[in-house]
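Visitor: Could you take me through one part of this model up close? I'd like to hear about a strand and its neighbours, and then whatever else catches your eye.

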Amino acid sequence: MFNICSNCGEYRPDKIIVSSGPYAVCPNCGLKHKFIQLPLFILSGASGTGKSTISLALVDKMKEVVVMESDILWRQELQQPGTDLRQYRETWLRVCKNISQSGKPVVLCGAGIPEHFEGCLERRYFSEIYYLALICDDEILTSRLQNRPAWRGFTDERINEHISFNRWFKDNAHKTKPPITLLDTSKITVNESVEEVARWINVNY
């Protein structure tokens, strides 16, 4: 509904954002409409660092945000060579934008980094995107993934991929634009991790 202009009927996700409203202006006919521009929170990290556990706990703890798991929209056909899952990212930003019109920001849990979202057309509808990545020690991550049920498919090769991704966050979080906040879950409890994530959201919202 949001991307279709109510005046000319054109589908324009690339509306011009005017901060004084904020307003979204149709590039085709110039119609502007007011909308709610909220921040978006990306909770990221390698598999095994605690994203799913923490996001489930956040649902009960923080009623002022909407917590979503990005895997629910995943389809294998989105894995198109050379696209870097752009359609998938745009779809999620569009979903989050529409949810935000209820007046509640979205916390999107999944393996995302700034370069996945900052260049998307739908990025313009958020005041900011904040990124927090969960990390942990390699040994702990390996143990967590090895103890997962066989149907999850965590072979040694796949585990090594997630260890590399975990290390990537440690090495690059301060270099990304915007930078990624890190939370090490190696030596703190789930409740402590949830408290830290909630604090991060409250500070930025």
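Guide: Strands S4 (residues 40-45) and S7 run parallel, joined by 6 bridges. One spot to click on in this predicted model is Ser44, which stands opposite Ala133 in S7. S7 itself covers residues 129-135, and it's mostly tucked away, with 6 of its 7 residues buried. S7 also pairs with S8 (residues 181-184), again in parallel, through 4 bridges. There, Leu132 has Thr181 of S8 as its bridge partner.

Now follow S4 out to the largest pocket, since S4 is among the elements that each supply at least two residues of its lining. The others are H1, helix H2 (86-100), strand S6 (106-109), helix H3 (114-117), helix H5 (156-172) and helix H6 (190-204). The pocket has a volume of about 1000 Å³, and 43 residues line it. Nearest its centre you'll find Gly45, Ser47, Lys51, Asp71 and Ala111. As for the chemistry, the lining splits into 17 nonpolar, 17 polar and 9 charged residues.

H1 gives the most to that lining, with 4 residues. While you're on H1, which spans residues 51-61, have a look at Thr53 within it. Thr53 has a relative accessible area of 45%, so it counts as partly exposed, falling between the 20% and 50% cut-offs. Along the chain, Thr53 and Val190 are 137 residues apart, yet their C-alpha atoms are separated by 7.7 Å.

Note on methods
Residues numbered from 1 in each chain as written. Predicted model: local features only at pLDDT ≥ 70, side-chain atom pairs only at ≥ 80, totals over all residues. Heavy atoms only, no water. Buried < 20%, exposed > 50% of the residue type's maximum accessible area, 1.4 Å probe, protein only. Pairing = 2+ DSSP bridges. 1 Å grid on protein atoms, 1.4 Å probe; cavity = no way out; pocket = protein on both sides within 12 Å on 5 of 7 lines; lining within 4 Å. Points joined across faces, edges and corners; volume = space filled by probe spheres on them. Nonpolar A, V, L, I, M, F, W, Y, C, P; charged D, E, K, R; others polar.
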